[in-house]
Amino acid sequence: TLTVGSVSVKCGQSVNVNVSISSTSGLLSLQFDVGYDSAKLTPSTITSGSLTSGFSLASNITSSAVKIAMASGSPVSGSGTVATIRFTAGAAATGASTLSISGILVNDVAKSGNNGTVTITCLQPPSAPTLKSPSNGATNVAAPVKLQWNASTGADEYRVYFGTASPQLYDTTSATSLDVETATGTSYSWNVRAANAAGTSNASSTWSFTTSGPFCATPDAPS
């Protein structure tokens, strides 16, 4: 029986998939096809396995299958890898992709096989958070002020931009809220970006609010 291995890979990266045979005796020739999803995977190199290292190898890559044939003048017996196929996962591919084996001939005798799977994970930057409170345009917001927003799927951290004019980077947190220092009677604007290892989201909507109490201007330094 021929078996295609199952492996995991990240999108945009390459991985080797082994095809192995179990309990063969007097193996002289071998032929099989491995079907793949070209929307997710691209095959590149095909090499002989440890069991068939002395075999001559012929291969052909089509848009939907890798076709492999090999032969030797010296028979081999046992179990082991007969071929290794290298695949590259698409830059945006994700999910499980079946590698289907068919057309198996062992010493010109039809045999059965077991399919394999390439499981592709693809980390994407998170979406922009949505803000919760203080609500946009809120007035008389009492201190202490806590900025709150909804979680973004896949986010590892949030970059909070806050200020009296255009918001500037204020702090970074893994939580979905942040306490900020404010003065009385002052208008503030804020937005949030979500981030992970794949990148940073666009900024959320920019909201503003005004704190309660009279405005207290900072006095000039004495001359």
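## Burial and overall form

Of the 223 residues in the protein, 35% are buried, a figure that, like every value in this report, belongs to a predicted model. The surface that the protein exposes comes to about 11,300 Å², and carbon and sulfur atoms supply 48% of that area.

The secondary structure consists of 19 strands and 0 helices. A compact globule of 223 residues would have a radius of gyration near 17 Å, whereas the protein has 30 Å. Taken along the principal axes, the box that the C-alpha atoms fill is roughly 100 × 35 × 25 Å. Among the contacts with a separation of 6 or more, 68% are made by residues 24 or more positions apart.

## Charges and salt bridges

The protein carries 9 positive and 9 negative side chains, and the centres of these two sets lie 10 Å apart. Side chains of opposite charge can pair when their charged atoms come close. In this model the count of salt bridges comes to 3.

One of them joins the side chains of aspartate 33 and lysine 67, with 3.2 Å from N to O. This pair links distant parts of the chain, since aspartate 33 belongs to strand S3 (residues 14–35) and lysine 67 to strand S6 (residues 65–89), 34 residues apart. Aspartate 33 has a relative accessible area of 18% and therefore counts as buried, the cut-off being under 20%. Its partner, lysine 67, is partly exposed at 35%.

Another salt bridge brings together the side chains of lysine 146 and aspartate 179, at 3.1 Å from N to O. Here too the pair links distant parts of the chain, with lysine 146 in strand S13 (residues 145–149) and aspartate 179 in strand S16 (residues 177–180), 33 residues apart. Both ends are partly exposed, lysine 146 having a relative accessible area of 37% and aspartate 179 one of 48%.

There is also a salt bridge between arginine 159 and glutamate 157, whose closest N and O atoms are 3.2 Å apart. Arginine 159 counts as partly exposed at 28% relative accessibility, and glutamate 157 is likewise partly exposed, with a relative accessible area of 27%.

## Threonine 47, a strand residue

Threonine 47 lies in strand S4, which covers residues 41–48, and with a relative accessibility of 41% this threonine counts as partly exposed. When its neighbours within four places in sequence are left aside, threonine 47 is in contact with Leu57, Val82, Ala83 and Thr84. For one of these partners, alanine 83, the separation from threonine 47 is 36 residues in sequence, while the C-alpha atoms of the two are 5.6 Å apart in space.

## Serine 201, a loop residue

Serine 201 is found in the loop between strand S18 (199–200) and strand S19 (207–211). Although this serine sits in a loop, its relative accessible area is 4%, so serine 201 is classed as buried. Not counting residues up to four places away in sequence, serine 201 touches Pro126, Ser127, Ala128 and Pro129, together with Arg193 and Ala194.

Terms used: Residues are numbered from 1 along each chain as its sequence is written. This is a predicted model: local features need pLDDT of at least 70, side-chain atom pairs count only at pLDDT 80 or more; totals for chains, interfaces and linings use all residues. Side-chain values use heavy atoms; hydrogens and water are left out. Helices (H or I, at least four residues) and strands (E, at least two) are DSSP runs, numbered from the N terminus. The radius of gyration is taken over C-alpha atoms; the globule rule is 2.2 Å times the number of residues to the power 0.38. Buried means under 20% relative accessible area, exposed over 50%, partly exposed in between (1.4 Å probe, protein chains only). Contact means heavy atoms within 4.5 Å. Accessible areas come from the Shrake-Rupley method with a 1.4 Å probe; for residues, only the protein chains shown count as cover. Lys and Arg count as positive and Asp and Glu as negative; His and the chain ends are not counted. The place of a charge is taken as NZ of Lys, CZ of Arg, CG of Asp or CD of Glu. A salt bridge is a side-chain nitrogen of Lys or Arg within 4 Å of a carboxyl oxygen of Asp or Glu.
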